[in-house]
Amino acid sequence: MIRKIAESDREVFISLSEEFYASPAVLHPVPREYHEAAFDELMRSGEYADAFIVEADGKTVGFALTAKSYSRESGGKVLWLEELYIKPEYRSLGLGREYFAYIEDFARREGFARIRLEVEEENVRARALYARLGYLPLEYCQMIKDLRG
């Protein structure tokens with residue numbers, strides 16, 4: 001089951017988020033206060049981001065975090081899949097597919113023109129799932145500049 005995050009999910013969200021950032025799916029961990037700030041923003045409003053909880057067997061087994069932007073290239077709003085994490089023991093059970101069906105329906109209802117995501121080159125399983133679901137590589141090189149410190 002997939003559902004929107006709630007205030008009561010704070011500790012499980014932070015715990016799963018820390019697990020995700022300690023995994024090979026990301027380049028490096030982030031400080032705990034970043035996880036806490038993300039949760040606080042999610043509870044403040046849905047203006048910039050939304051999060052969803054993945055449940056199976058009556059337990060919280062994963063989460064997803066999305067961000068919102070606008071793109072002239074896509075002709076409208078873009079829903080960024082920032083993070084999708086499912087505990088290793090619950091992978092390959094169809095939960096990723098279930099999440100994508102849920103989020104694509106959510107995006108259509110909310111008027112998004114495109115869903116965009118990032119994936120590490122080495123994350124072969126995730127890339128294969130995304131390709132099976134119809135996601136295509138985007139030939140852009142992304143660049144960033146951190147403004148903290």
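In this predicted model, the lining of the second largest pocket comprises Glu104, Ala107, Arg108, Phe112, Ala113, Arg114, Ile115 and Tyr135. Two elements each give two or more residues to this lining: helix H3, spanning 95-109, and strand S5, spanning 112-117. The largest contribution comes from S5, with four residues. By residue class, the lining holds five nonpolar and three charged residues. Polar residues are absent from the lining. The volume of the second largest pocket is about 150 Å³.

Helix H4 was examined next. H4 covers residues 124-132, and its buried residues are Ala126, Leu129 and Tyr130. These three lie on the same side of H4, because they cover an arc of only 95° around the axis. The other side of H4 carries exposed residues, Val124 and Arg132. Here, buried means under 20% relative accessible area, and exposed means over 50%. The two sides of H4 thus carry opposite labels: Leu129 is among the buried residues, whereas Arg132 is exposed.

What lies over the buried side? The cover of the buried residues of H4 includes H3 and S5. Both elements also appear in the pocket description, where H3 and S5 each give two or more residues to the lining. H3 and S5 therefore link the two parts of this account: they help line the second largest pocket, and they are part of what covers the buried residues of H4.

Beyond the helix, Gly134 follows H4. The phi of Gly134 is positive, near 95°. Tyr135 is one of the residues lining the second largest pocket.

Note on methods
Residues are numbered from 1 along each chain as its sequence is written. This is a predicted model: local features need pLDDT of at least 70, side-chain atom pairs count only at pLDDT 80 or more; totals for chains, interfaces and linings use all residues. Side-chain values use heavy atoms; hydrogens and water are left out. On a 1 Å grid over the protein atoms alone, a cavity is a set of points where a 1.4 Å probe fits but cannot get out, and a pocket is an open set with protein on both sides within 12 Å along at least five of seven lines; lining residues have an atom within 4 Å of a point. Grid points are joined across faces, edges and corners, and a volume is the space filled by probe spheres set on the points. Ala, Val, Leu, Ile, Met, Phe, Trp, Tyr, Cys and Pro count as nonpolar, Asp, Glu, Lys and Arg as charged, and the others, Gly among them, as polar. Buried means under 20% relative accessible area, exposed over 50%, partly exposed in between (1.4 Å probe, protein chains only). The arc is that of the directions from the helix axis to the C-beta atoms. Contact means heavy atoms within 4.5 Å.
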